[in-house]
Each structure stands twice: as C-alpha cells, then as structure tokens.
Amino acid sequence: MGTDPFDLLFAPFALPFMGRALAVMLVLAVAAGVVGVLVNLRGLEFTTDGLVHAVFPGIAIGFALGGTPGLFVGAVVAAVVGAVLLTVAVRAAVASDSGVAIVLTGMFSIGVLAVSRQSDYSGQLESLLFGRILTITAGEVTQTLVIAVLALALVLATLKEQVFRAFDPTGSAAAGYRPIVLDLVLNVAIALVVVAASSAVGNLLVLAVLIVPAAIARLLTGRLILLFPIAAATAALAAWLGLSASFAASVSTGVSLPSGATVVAALVVGYLIALALRALRGRRGTVAA
C-alpha cells in the first residue's frame, strides 16, 4: 500500500475483513449516535456504564456455551435482564448510584467467573473485553445490523416522549407519560447497542462509542435536531479514520494497533478538537462583545 491518501483511506476496505469491520462500525455509528444523544441529554453516563457491565455475563456465558453464535443470544438475554434490574433499582428506594454500582459489580463478576472456567481464560477474556473487529464474519455483520435496528426502533418510536422527559421530567409525568416505561425502553435500547458493539470494539470500549459522539455533538451545536446526525456522523468518521490508521500502521510500519482501541482514540481526538473549537468560538464571541 502506498502513501497516496486514496490508498491510505479507501483501499484497505476493498479487503473483505476490512470491509466487514467498516460495515459493522457504520451500523454502530448510527445506533450509538442516536441512542447516545439521549444518554447525554438525560445524564445517564453512569447508568450506561452499569448496563455495559451488566451485559458482560451474558456475553461470557453465551460465548462459553455456544461460541460466537451463542454470544449474541446470551448477550441479548443479559441485556434485557440488566436493563430491567437497573430500571427497577434506580426507581426503587435504592439510591441511583448505589443501585447502578451494585448491578454493575455483581453482573460483571459473574461474567468473569464464567470466562474463568474456560481453558483459554486470558485469550477469551481479552476478546470479550476489547473486541475482535477484524475477524467478524458476514453472519455477525447481519446479527449486529438486526440488533442495532431493534435498538433504533425502540428509541425512534418513543423519541418525542424521551426528549420531553430529558428536558422536563415533571412535565412529562404530568402529561401522562409513564417515566418507568420510558426509562425501561431507553435502558433496553442502550443495552442492545452494547450487545451489537461488543463483538466489534469489546465490552469495555463500547462505552466510548455510546458516550463520546454525543458529547462531541453537544460541543458543536446547540440545536436539538442536529445533535443526532452530528453524533452519528462523528462516530462514522472516527470508525473510518481509526480503522484506516490501524491498518496503515500495521502494513507500513509493522506496528500493531488494536483496531477497536484505535477507533476509540480517534473519537477522543475528535472530542478534543471539538472542545478546542468551542473554546475558540467563545473567545471570539468575547472579543466581539
């Protein structure tokens, strides 16, 4: 591969495994971008962290019992159970942070115990935690698409109500919308995005895919209608650049950069750029005034 920009940014995706990796990341960009904006508006980053860890035992048990096909089945079951538990814990007398922390630590420990029973303990744990985006099969691309579309459908079907609850919880309840139902729908959607992303970027890195694009969008615009497309576009751009950089480093310099982590690093760089642009706009506004 040469140093021509076309070769660096486009040619790698002619390879089947790179094409599948990009396809999965673009699907996740749309789902995580839209769901992540609601997470940001509601301030549910810690709850999302809890859901990420709550899904882990289902991923681990499903993978241990049924290999890659079982991973998605186990993860979906764990996603629904974890979403219900967290919703109930937050709505009950238990303090929100305490409830999330209890579910987080308990479910994650179950997952680690399940993986520890396997012969290749360290290898399987690393794969589940940090992903294996370059070895994703065509069947997994389809499974990821189905799960991501389901998560999007749940959010889009209740989008008006979710936004209303994000900006005015009291008014939303007074208007007749049931908070626990909206919370459960959003938590299930978050958990499904976690399931869809776990094979690609891993259980630990998926939090960045859900949180950072929405945070970037909030820095770039104050218009609600633009938050969703900007978050999705940001995640897609980071996926493209991150995969390209990882591939180029491996081929050109022999440096092996984990693809999932490189995508996350691209997101963080994007956040820093957006933060700098926001500060620059603020300084110009001060000077103009």
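Biologist: How are H2 and H7 oriented to each other, roughly parallel or roughly antiparallel?
Modeller: This is a predicted model. In it, H2 and H7 pack at an angle of about 25°. Angles under 35 degrees count as roughly parallel. H2 and H7 are therefore roughly parallel.

Biologist: What is the distance between the axes of H2 and H7, and what is the hand of their crossing?
Modeller: The axes of H2 and H7 lie 8 Å apart. The crossing of these two helices is left-handed.

Biologist: Which residues of H2 meet H7?
Modeller: On the H7 side, the contact holds Leu159, Gln162, Val163, Arg165, Ala166 and Phe167. The residues in this contact of H2 with H7 divide into 6 nonpolar, 1 polar and 2 charged. From H2 come Leu38, Leu41 and Arg42.

Biologist: At what angle do H2 and H10 cross?
Modeller: The axes of H2 and H10 come within 8 Å. Their crossing is right-handed. The angle is roughly 150°.

Biologist: How many charged residues are in the contact of H2 with H10?
Modeller: Nonpolar residues number 23 in the contact of H2 with H10. There is 1 polar residue. As for charged residues, there are none: the count is "no charged".

Biologist: Which helix supplies the largest share of the largest nonpolar core?
Modeller: This core has 70 residues. H2 (16–42), H3 (45–91), H6 (138–157), H7 (159–167), H9 (179–220), H10 (224–253) and H11 (259–288) each supply at least two of them. The largest share, 24 residues, comes from H9.

Biologist: Which residues have the most contacts inside the largest nonpolar core?
Modeller: In soluble globular proteins, nonpolar side chains tend to be buried together. Here the largest nonpolar core has 70 residues. Those with the most contacts inside it are Met25, Val55, Ala200, Val201, Leu210 and Leu243.

Biologist: What does Val55 touch, leaving out residues up to four places away in sequence?
Modeller: Val55 is among the residues with the most contacts inside the largest nonpolar core. Its partners are Ala75, Ala78, Ala79, Ala191, Val194 and Val195.

Biologist: How many helices and strands does the protein chain have?
Modeller: Read along the sequence, the pattern is α-α-α-α-α-α-α-α-α-α-α. The secondary structure comes to 11 helices and 0 strands.

Biologist: Of contacts between residues at least 6 apart in sequence, what percentage join residues at least 24 apart?
Modeller: The protein chain has 289 residues, and 49% of them are buried. Among contacts between residues at least 6 apart in sequence, the share joining residues at least 24 apart is 76%.

Technical notes
Residues numbered from 1 in each chain as written. Predicted model: local features only at pLDDT ≥ 70, side-chain atom pairs only at ≥ 80, totals over all residues. Heavy atoms only, no water. Core = buried A, V, L, I, M, F, W, Y, C linked by side-chain atoms within 4.5 Å. Buried < 20%, exposed > 50% of the residue type's maximum accessible area, 1.4 Å probe, protein only. Helix = DSSP H or I, 4+ residues; strand = E, 2+ residues; numbered from the N terminus. Contact = heavy atoms within 4.5 Å. Axes fitted to C-alpha atoms, helices over the stretch in contact; angles between N-to-C directions. Parallel < 35°, antiparallel > 145°, perpendicular 65-115°, else oblique. Left-handed = near helix turned anticlockwise from the far one by under 90°. Nonpolar A, V, L, I, M, F, W, Y, C, P; charged D, E, K, R; others polar.
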